[in-house]
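The following exercises concern the analysis of a single protein model. Each task is followed by a solution that proceeds step by step.

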Amino acid sequence: ILTPVDELGFATHRLSATHLACAVFATEPVERQLDALTAAGLAVVQCVPDVLCTPWQTSTWTLVFDGDDAWLRTGPYAGLRCAGPQWRAFVE
């Protein structure tokens, strides 16, 4: 991760006694969107990473292209978003 740590947010989810899933994200875009929702009178109590909205089934991976981006869903709490042309590096 090449971004300064103070510009990142971290969220975890316990998968088992010894394994955690971790999301790492830039906080500024999230805070900007939350401010816009608050200004519109909406209170956000939970956020879901967009890649987890990609369909997934046990023992499969799902690859979705959205404009110039590729979303790869690899598990119940796992996936990534990358530039479309880079998807092969993650699958191979």
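Strands are DSSP runs of E with at least two residues, numbered from the N terminus, and two strands pair if DSSP finds at least two bridges between them. The model examined here is predicted.

**Exercise 1. Determine how many helices and strands the protein has, and in what order the elements run.**

Step 1. The protein contains 2 helices and 5 strands.
Step 2. Read from the N terminus on, the order is β-β-α-β-β-β-α.
Step 3. The C-alpha trace spans about 45 × 40 × 30 Å along its principal axes.

**Exercise 2. Describe how β1 and β2 are joined and in which sense, parallel or antiparallel, they pair.**

Step 1. Strand β1 covers residues 8–14 and strand β2 residues 20–26.
Step 2. The connection from β1 to β2 is a hairpin of 5 residues.
Step 3. The two strands pair in the antiparallel sense, over 7 bridges.
Step 4. Within this pairing, T12 has C22 of β2 as its bridge partner.

**Exercise 3. Find the aromatic pair in the structure and classify its geometry as stacked, tilted or edge-to-face.**

Step 1. Searching the whole structure yields 1 aromatic pair.
Step 2. The ring centres of F65 and W87 are 6.1 Å apart and their planes stand at 85 degrees; the pair is therefore edge-to-face, given that the class requires an angle over 60 degrees.
Step 3. Because F65 belongs to strand β3 (residues 62–66) and W87 to helix α2 (residues 87–91), the pair ties together parts 22 residues apart in sequence.
Step 4. For burial, the partly exposed class lies between 20% and 50% relative accessible area. F65, at 49% relative accessibility, counts as partly exposed, and W87, at 21%, also counts as partly exposed.
Step 5. For the protein as a whole, 14% of the 92 residues count as buried.

**Exercise 4. Characterise the largest pocket: what is its volume, and which residues and elements line it?**

Step 1. The space in the largest pocket amounts to about 930 Å³.
Step 2. Its lining comprises 23 residues, of which A23, V24, F25, V48 and P49 are the closest to the centre.
Step 3. At least two lining residues come from each of β1, β2, α1 (27–39) and β5 (78–83). The largest share, 6 residues, is supplied by β2.
Step 4. Sorted by class, the lining has 17 nonpolar, 4 polar and 2 charged residues.

**Exercise 5. State what share of the contacts between residues at least 6 apart in sequence joins residues at least 24 apart.**

Step 1. Consider the contacts in the protein between residues at least 6 apart in sequence.
Step 2. Of these contacts, 12% join residues at least 24 apart.

Methods: Residues numbered from 1 in each chain as written. Predicted model: local features only at pLDDT ≥ 70, side-chain atom pairs only at ≥ 80, totals over all residues. Heavy atoms only, no water. Helix = DSSP H or I, 4+ residues; strand = E, 2+ residues; numbered from the N terminus. Phe/Tyr/Trp six-rings, centres within 6.5 Å; stacked < 30°, edge-to-face > 60°. Buried < 20%, exposed > 50% of the residue type's maximum accessible area, 1.4 Å probe, protein only. 1 Å grid on protein atoms, 1.4 Å probe; cavity = no way out; pocket = protein on both sides within 12 Å on 5 of 7 lines; lining within 4 Å. Points joined across faces, edges and corners; volume = space filled by probe spheres on them. Nonpolar A, V, L, I, M, F, W, Y, C, P; charged D, E, K, R; others polar. Contact = heavy atoms within 4.5 Å.
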